[in-house]
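Thanks, everyone, for making time. Let me put the structure up, and then I'll walk you through it.

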Amino acid sequence: MDEGNFCKVRSILFPRNVLMGHGVIKDIPEMCKNFDLSGTATIITGDKTKDVAADSISSLLKSSNYNVTTISIGAATRENLHKTVDLAKDSHANFLIGVGGGSKIDLAKMAAKELGIEFISVPTSASHDGIASGRASIKGPDGPISMEAKTPLGVVADTSIIVKAPFRLLVAGCADVISNITAIKDWEYAERLLGEEFSRSACAMALYTSEAIIESADLIKPGVEESVWISLKPIIVSGVSMAVAGSSRPTSGSEHMFSHALDMIAPGRALHGEQCGVGCIMMMYLHGGNWMAIRDALIKLGAPTTARELGITKEELLEALTMAHKIRDRFTILGHQGLTYEAAERLAKITKVI
Ligand SMILES: NC(=O)C1=CN([C@@H]2O[C@H](COP(=O)(O)OP(=O)(O)OC[C@H]3O[C@@H](n4cnc5c(N)ncnc54)[C@H](OP(=O)(O)O)[C@@H]3O)[C@@H](O)[C@H]2O)C=CC1
Ligand SMILES: O=C(CO)COP(=O)(O)O
Ligand SMILES: [Zn+2]
């Protein structure tokens, strides 16, 4: 028997400690000490999230005798990644703490990987499922690139902070996770048609998260900390499913390619998760699945289900649909040729997106 077939080597990295709950940011110094992190902590944050949480985390760490520097940065672009790495180097960072939304956490996890140091993820919103993932989406001139990044050593999700974030961000995170359902269908299709490597465990985890959010859509309300708790568990497990798969395959398929295309055509109009939710409705129709159930769940959450609610025109939507298959080399229901303009228009009309 050819031993080669049975000597596959996989390494799966998970966060070592995921702290979720009311007021847990006060435990960050203790988490760092338990991880034997010492020296200079460099916080990667944004203009809003610096006030929301980064400044208090800085004070907590300084009172525990850490040297702390803070970098406030913008979108998760290649240029800002280089800037983050350079500034972290200049600050002699011994470890990084990403404090903010998806873009700041992605910049921190990629910078940590490039610098070969540890990173702790401190989401201030539950707007995406990158909180616990070892992946980062860094935007370049030809669109976003999904990169292998540093898996957070620890995740600190303080529900008392996240509940105060604009509710729209929590809804976007839920929509991002609901969209796993079409990512999985694309992955199963690629496995059946092309024999692509497939992980049933990663698939089961990602499917659980999508179903969990859909089933609890009625319970996710603004200003209710319990709603954050209900959403956070699937959101974190969704990120862990990427660690198990060793890629974003269980959480990112044709619906994400549509979203990434929109990021290029109409940047900043809608949140990542909102775009993925609308993409999921349409791609579920292409898969012959129950797209109406997806649309109903998104409506229950208060997430966008139309081009207008995404703040994009019909033409921008159809352009994103017809270029989505080219976004990355990942086989999905869109195939290699993608949608024609007429097919895209018909799809968007049938699913009430336009
Ligand atoms: N790596 C992965 O596995 C994944 C990565 N992603 C990536 O994440 C990004 C999307 O994340 P998203 O969070 O939607 O976008 P952003 O990181 O751009 O955050 C959106 C806005 O929310 C603000 N914000 C965050 N928390 C709070 C708060 N508590 N109170 C007030 N404002 C707040 C941010 O403030 P500020 O200006 O201070 O940053 C920012 O202005 C995309 O780049 C996407 O590709 C998405 C899914 C998975
Ligand atoms: O957004 C993601 C999962 O929700 C990550 O996906 P990408 O690999 O497409 O950037
Ligand atoms: Zn996503």
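Let me start with a quick one for the room: is Tyr66 buried or exposed? Tyr66 is buried, at 6% relative accessibility. Keep in mind as we go that this is a predicted model.

Okay, so who is Tyr66 sitting with? A search of the whole structure turns up 3 aromatic pairs. One of them is Tyr66 with Phe95, an edge-to-face arrangement with 5.7 Å centre to centre and 80° between the planes. Tyr66 comes from the loop between α2 (47-63) and β3 (67-72), while Phe95 is in strand β4 (residues 95-100), so the two rings tie together parts that are 29 residues apart in sequence. As for Phe95, that residue counts as buried too, because its relative accessibility is 0%.

Now a second pair, Tyr189 with Phe331. Here the ring centres are 5.5 Å apart and the planes make an angle of 35°, so this one is tilted. The pair links distant parts of the chain, 142 residues apart: Tyr189 belongs to helix α7 (residues 180-194), and Phe331 to the loop between α14 (314-323) and α15 (341-350). Tyr189 is partly exposed at 28% relative accessibility, whereas Phe331 is buried at 12%.

Let's zoom out to domains. The assignment for the protein chain gives domain 1 (17-163) and domain 2 (167-351). Their C-alpha centres are 25 Å apart, and the contact takes 24 residues from domain 1 and 28 residues from domain 2.

That brings me to the packing. The largest nonpolar core has 38 residues, and the ones touching the most other members are Ile178, Leu232, Ile294, Leu298 and Leu301. Which elements give two or more residues to this core? They are β8 (154-158), α6 (167-178), α7, α8 (200-215), α9 (225-245), α11 (272-286) and α12 (291-301). Helix α9 makes the largest contribution, with 7 residues. And since domain 1 and domain 2 both give residues to this core, it lies between them.

If you want one residue to click on, try Leu301. Leaving out residues up to four places away in sequence, Leu301 touches Phe167, Val171, Cys174, Ile178, Ile213, Ala217 and Ile220. There's also another core, apart from that one, made of 26 residues, including Leu262, Ala344, Leu347 and Ala348.

Last stop, the metal. Which residues coordinate the zinc ion (ligand 3)? Asp176 does so through OD, listed twice, and His256 and His272 each through NE2, at 2.0 to 2.7 Å. Along the chain, the donors follow the spacing D-x79-H-x15-H. His256 is in helix α10 (residues 254-265) and His272 is in helix α11, so those two tie together parts that are 16 residues apart in sequence.

How about the geometry? There are 6 donor atoms around this zinc ion (ligand 3), and their angles run from 51 to 167°, which makes the arrangement irregular. The two histidines come out like this: His256 is buried at 4% relative accessibility, while His272 is partly exposed at 27%.

That's my tour. Over to you for questions.

Technical notes. Residues numbered from 1 in each chain as written. Chains lettered and ligands numbered in written order. Predicted model: local features only at pLDDT ≥ 70, side-chain atom pairs only at ≥ 80, totals over all residues. Heavy atoms only, no water. Phe/Tyr/Trp six-rings, centres within 6.5 Å; stacked < 30°, edge-to-face > 60°. Helix = DSSP H or I, 4+ residues; strand = E, 2+ residues; numbered from the N terminus. Buried < 20%, exposed > 50% of the residue type's maximum accessible area, 1.4 Å probe, protein only. Core = buried A, V, L, I, M, F, W, Y, C linked by side-chain atoms within 4.5 Å. Domains from an automatic or database assignment. Contact = heavy atoms within 4.5 Å. Donors = N, O, S within 2.8 Å, 3.2 Å for Na, K, Ca; no water. Tetrahedral: all angles 85-135°; square planar, octahedral: opposite > 155°, others 65-115°.
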